Amino acid sequence: MKNFLLIFCLILLIACTMHKKKKIIFFGDSITEQAVLPGGFITNIDSILKRINLQDNYELTGAGVSSNKIYDLYLRLEDDVLNKHPDVVIIFIGVNDVWHKQLMGTGTDADKFEKFYSAILKKLADKNIKVIICTPAAIGEKRDLTNPLDAELNKYCNIIRSIALKNNLPLIDLRKIFLKYDLKHNPEDKDWGILTTDGVHLNNTGNQLVADEMWKVISKI
């Protein structure tokens, strides 16, 4: 009888482990905060999972806060990420670190941006949490690189690309993806309205594009 109970418990434990959902936290600013709304990229990824009958394999959680910069993510990492024990964290940050320099006279210097980003990655690595990182996508959609902050944004995207390479992390290069899309679909060279509502925050097309690109990487982990 004891042996039977032991075998039954082992089978039950294996079954529970096999059906454990992979928990993914999306960590970012207002773009991620809005992603849990209807038409948002997190909601759209959930729709993709339902369409291919994988919704029981994943748990998607948005952890975006409006106006956040890289150091805000560092400060709330414990409460909003580590304490929730995710399997995967997707970091989508950087717009406000650049944009707020012009918008509010704040922002984050490039060297501090890299240090805080690296510190976040170290804490996640210490917990054996897998990480996917994204470049910020746009601050203005003019396709000829004449948006006022294009040069600065590209500098921070290069920092993120370097961090991904150095740490051997999957990178979703939304900056390159958005530039390529705007080049093809923005013949009038508009400031916004192709993938964003205001040059920064995503419209329905932008959200679907981000969802598709994120799923490509998530599905390989």
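Strands E1 and E2 pair in the parallel sense over 7 bridges, where strands are DSSP runs of E with at least two residues, helices are runs of H or I with at least four, and both are numbered from the N terminus. Two strands pair if DSSP finds at least two bridges between them. Before going further: this is a predicted model, in which local features need pLDDT of at least 70 and side-chain atom pairs count only at pLDDT 80 or more, while totals for chains, interfaces and linings use all residues. Residues are numbered from 1 along each chain as its sequence is written, and side-chain values use heavy atoms, with hydrogens and water left out.

Back to E1. On the E3 side, 5 bridges join E1 (residues 22-28) to E3 (residues 88-92), and these two strands run parallel. You can pick out the individual partners: Phe26 has Ile90 as its bridge partner in E3, and Phe27 stands opposite Ile91 in E3. Phe27 also has a bridge partner in E2, namely Ala63. E1 is mostly covered, with 6 of its 7 residues buried; buried means under 20% relative accessible area, exposed means over 50%, and partly exposed is in between (1.4 Å probe, protein chains only).

Now zoom out to the whole sheet. It is an open one made of 5 strands in the order E2-E1-E3-E4-E5, with parallel pairing. Strand E2 (58-64) and strand E5 (171-172) stand at the edges with a single partner strand each, so one side of each is left without a neighbour in the sheet.

Around those strands come the helices: the chain has 9 helices and 5 strands, and along the sequence they follow the pattern α-β-α-α-β-α-β-α-α-β-α-β-α-α. Of the 221 residues, 46% count as buried. Contact here means heavy atoms within 4.5 Å, and among contacts in the chain with a separation of 6 or more, 77% come from residues 24 or more positions apart. The C-alpha atoms fill a box of roughly 75 × 35 × 25 Å, taken along the principal axes.

Helix H5 (residues 95-103) is a good one to look at next. Its buried residues are Val95, Asn96, Asp97, Val98, Trp99 and His100. What do the buried residues of H5 pack against? They pack against helix H2 (30-33), helix H4 (70-80), helix H6 (110-126) and helix H7 (150-167). H5 is followed by Gly105, whose phi is positive, near 75°.

Other positive phi values turn up in the loops. Most residues other than glycine have a negative phi. His85 is not a glycine, yet has a positive phi of about 50°. His85 lies in the loop between H4 and E3 and is exposed, with a relative accessible area of 63%. Asn128, again not a glycine, has a positive phi of about 60°. Asn128 sits in the loop between H6 and strand E4 (130-134), and is exposed at a relative accessible area of 70%.

Helix H8 (residues 174-185) is where you'll find Arg175. Is Arg175 buried or exposed? Its relative accessibility is 1%, so Arg175 counts as buried. A polar atom of the Arg175 side chain lies 3.3 Å from the backbone oxygen of Ala137. Leaving out residues up to four places away in sequence, Arg175 touches a set of residues including Thr135, Pro136, Asp150, Cys157 and Arg161.

Arg175 also helps line the largest cavity, along with residues including Ala137, Gly140, Glu141, Phe178 and Asp182. A cavity is a set of points, on a 1 Å grid over the protein atoms alone, where a 1.4 Å probe fits but cannot get out; lining residues have an atom within 4 Å of a point. The structure holds 1 cavity of 30 Å³ or more, and the largest has a volume of about 30 Å³.

Leu183 is found in H8 too, but at 52% relative accessibility Leu183 counts as exposed. Leu183 and Ile132 are 51 residues apart in sequence and 26 Å apart in space, C-alpha to C-alpha.

Finally, a word on confidence. pLDDT is the predictor's confidence in each residue, from 0 to 100; the chain averages 93, and 91% of the residues score at least 70. Over residues 8-17, pLDDT stays under 50, and the model has 0 contacts beyond four places in sequence for them.

Technical notes:
A polar contact is a pair of N or O atoms within 3.5 Å; within protein, one must be able to donate a hydrogen and the other to accept it, and residues adjacent in sequence count only if both atoms are side-chain atoms. On a 1 Å grid over the protein atoms alone, a cavity is a set of points where a 1.4 Å probe fits but cannot get out, and a pocket is an open set with protein on both sides within 12 Å along at least five of seven lines; lining residues have an atom within 4 Å of a point. Grid points are joined across faces, edges and corners, and a volume is the space filled by probe spheres set on the points.
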